[in-house]
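The following exercises are meant to be worked through with the structure in view. Each task is followed by a solution in steps.

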Amino acid sequence: MDITWFLVLSALLFATGVTGVLLRRSPLVILLCLELMLNAGNLALLAFSRSLGDQDGQVLALIVMVIAACEVVVGLGIIVAAYRRRIPLNVDDLRTLRG
Amino acid sequence: MKEVAFFIGAIGALGGAIAVIALRNAFYSVLALIVHLISLAGLFLLLQGEFIAAAQIVVYAGAVMVLYVFVAAYVGNVDEPLWEPIPGQRFVAPLIGLALFVELAIAIVGSSLSSIESEGPTVELGFGSPSAIGKLLLERFLIAFEAASLLLLVAAVGAVVLAGRHRGGAEETTT
């Protein structure tokens, strides 16, 4: 099985995630799309790790999973806090921190 | 045989990813992401990342997605308004995604990656097994491991502070 197939699939998944971030307005779905992109990166890491016969890439993928978990926890915390304060959950309206 | 497994996994992963961004209901998007993650775990197995595949299912499709399901059920469905702050965003966004994919695909196919051994070398037994990964994590990557654990602790404390209920009564009204 050629490693290029995995890399092209990873690029396709990453592009799907980028499209989702650009397209959707709900912060929850945007977090899901960030997950898509991180997992596409993980797939590329594992593909390179296999093609080089080196396990370091797999450790890196594991650390990426930890980072993704942290990002999810903080992002969902912000979403719940915004919902409790009756702030509309729409990224176009969440502009308080901007400029 | 490997090709069949790859294409089944690829169809599952890609279908899940497209369903995540296409479904209107956020709850269904979360469920589609679970399908995506499990298919991806199958692909990781094909790349001999046994431990990563197991962690993907247990940590990601299990624990993290449960968190998502709870928050999606708590917040409920968010209505996405039809007006667009950027005109034509609905049509431009997929075009940008497509352009990114074409660019990445040219970079992958056009590079000299195919000149190295495309199948990858034959690896010894136990490549990507929990014992091998654990040994690497606790010996060579010990600092990264400790930093990750510290980061998880900080994130957990931050989430509690962010989402915790304010009991003082004086809730600041930020709109």
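**Exercise 1. Determine which residues join H3(A) to H3(B), and how the two helices are oriented.**

Solution. The model is a predicted one.

Step 1. From H3(A), the residues in contact are A:Gln58, A:Ala61, A:Leu62, A:Met65, A:Ala69, A:Val72, A:Leu76, A:Ile79, A:Val80 and A:Tyr83. Their partners in H3(B) are B:Ile52, B:Ala55, B:Val59, B:Tyr60, B:Val64, B:Leu67, B:Val71, B:Tyr74 and B:Val75.

Step 2. Sorted by class, this contact has 18 nonpolar residues, one polar residue and no charged residues.

Step 3. The axes of H3(A) and helix H3 of chain B, residues 50-75, lie 11 Å apart, and the packing angle is about 5 degrees. Angles under 35 degrees count as roughly parallel, and H3(A) and H3(B) are therefore roughly parallel to each other.

**Exercise 2. Describe the contact between chain A and chain B: how many residues does each chain give?**

Solution.

Step 1. Chain A contributes 61 residues and chain B contributes 73 residues.

Step 2. On the side of chain A that touches chain B, at least two residues come from each of helix H1 (3-23), helix H2 (27-52) and helix H3 (56-84).

Step 3. H3(A) gives the most to this side, with 19 residues.

Step 4. The classes on the side of chain A that touches chain B are 42 nonpolar, twelve polar and seven charged residues.

**Exercise 3. Establish the orientation of H2(A) relative to H3(A) and list the residues where they meet.**

Solution.

Step 1. The two axes come within 9 Å and cross at roughly 175 degrees. That makes H2(A) roughly antiparallel to H3(A), since the class applies to angles over 145 degrees.

Step 2. H2(A) brings A:Pro27, A:Leu28, A:Leu31, A:Leu34, A:Glu35, A:Leu38, A:Gly41, A:Asn42, A:Leu45, A:Leu46, A:Phe48 and A:Ser49 to the contact. Among the residues they meet in H3(A) are A:Asp56, A:Leu60, A:Val64, A:Glu71 and A:Ile79.

Step 3. In this contact of H2(A) with H3(A) there are 14 nonpolar, six polar and three charged residues.

Step 4. One participant, A:Val64 in helix H3 of chain A, touches A:Leu38, A:Gly41 and A:Asn42 when residues up to four places away in sequence are not counted. A:Val64 is partly exposed, because 17 other C-beta atoms lie within 10 Å.

**Exercise 4. Analyse chain B and the pairing of its helices H1 and H2.**

Solution.

Step 1. Chain B has six helices and zero strands. Of its 175 residues, 25% are buried.

Step 2. The axes of helix H1 (residues 2-22) and helix H2 (residues 26-46) of chain B come within 8 Å and cross at roughly 155 degrees. H1(B) is thus roughly antiparallel to H2(B).

Step 3. The crossing of H1(B) past H2(B) is left-handed. The residues in contact include B:Phe6, B:Gly9, B:Gly12 and B:Gly16 of H1(B), and B:Leu33, B:His36, B:Leu40 and B:Leu43 of H2(B). By class, the contact of H1(B) with H2(B) has twelve nonpolar residues, seven polar residues and one charged residue.

Step 4. The loop between H2 and H3 of chain B holds B:Gln48. B:Gln48 is not a glycine, yet its phi is positive, at about 60 degrees. B:Gln48 counts as buried, because it has 20 C-beta neighbours inside 10 Å.

**Exercise 5. Identify the elements that build the largest nonpolar core, and state whether A:Leu23 is buried or exposed.**

Solution.

Step 1. The largest nonpolar core has 66 residues, and those with the most contacts inside it are A:Leu13, A:Leu28, A:Leu32, A:Leu43 and A:Ala47.

Step 2. Two or more residues come from each of H1, H2 and H3 of chain A, and likewise from H1, H2, H3 and helix H6 (142-163) of chain B. H2(A) supplies the largest share of this core, 14 residues.

Step 3. A:Leu23 belongs to helix H1 of chain A. A:Leu23 is buried, because 21 other C-beta atoms lie within 10 Å.

Step 4. Apart from neighbours within four places in sequence, A:Leu23 is in contact with B:Ile21, B:Arg90 and B:Ala93. A:Leu23 and A:Asp92 are 69 residues apart in sequence, and their C-alpha atoms are 12 Å apart in space.

Technical notes. Residues are numbered from 1 along each chain as its sequence is written. Chains are lettered from A and ligands numbered from 1 in the order in which they are written. This is a predicted model: local features need pLDDT of at least 70, side-chain atom pairs count only at pLDDT 80 or more; totals for chains, interfaces and linings use all residues. Axes are lines fitted to C-alpha atoms, for helices over the stretch in contact, and angles run from 0 to 180 degrees between N-to-C directions. Helices (H or I, at least four residues) and strands (E, at least two) are DSSP runs, numbered from the N terminus. Angles under 35 degrees count as roughly parallel, over 145 as roughly antiparallel, 65 to 115 as roughly perpendicular and the rest as oblique. A crossing is left-handed if the near helix is turned anticlockwise from the far one by less than a right angle, and right-handed if clockwise. Two residues are in contact if their C-beta atoms, placed from the backbone, lie within 7 Å. Ala, Val, Leu, Ile, Met, Phe, Trp, Tyr, Cys and Pro count as nonpolar, Asp, Glu, Lys and Arg as charged, and the others, Gly among them, as polar. A nonpolar core is a set of buried Ala, Val, Leu, Ile, Met, Phe, Trp, Tyr and Cys residues joined through C-beta atoms within 7 Å. A residue is buried if 20 or more other C-beta atoms lie within 10 Å of its own, exposed if 12 or fewer, and partly exposed in between; C-beta atoms are placed from the backbone.
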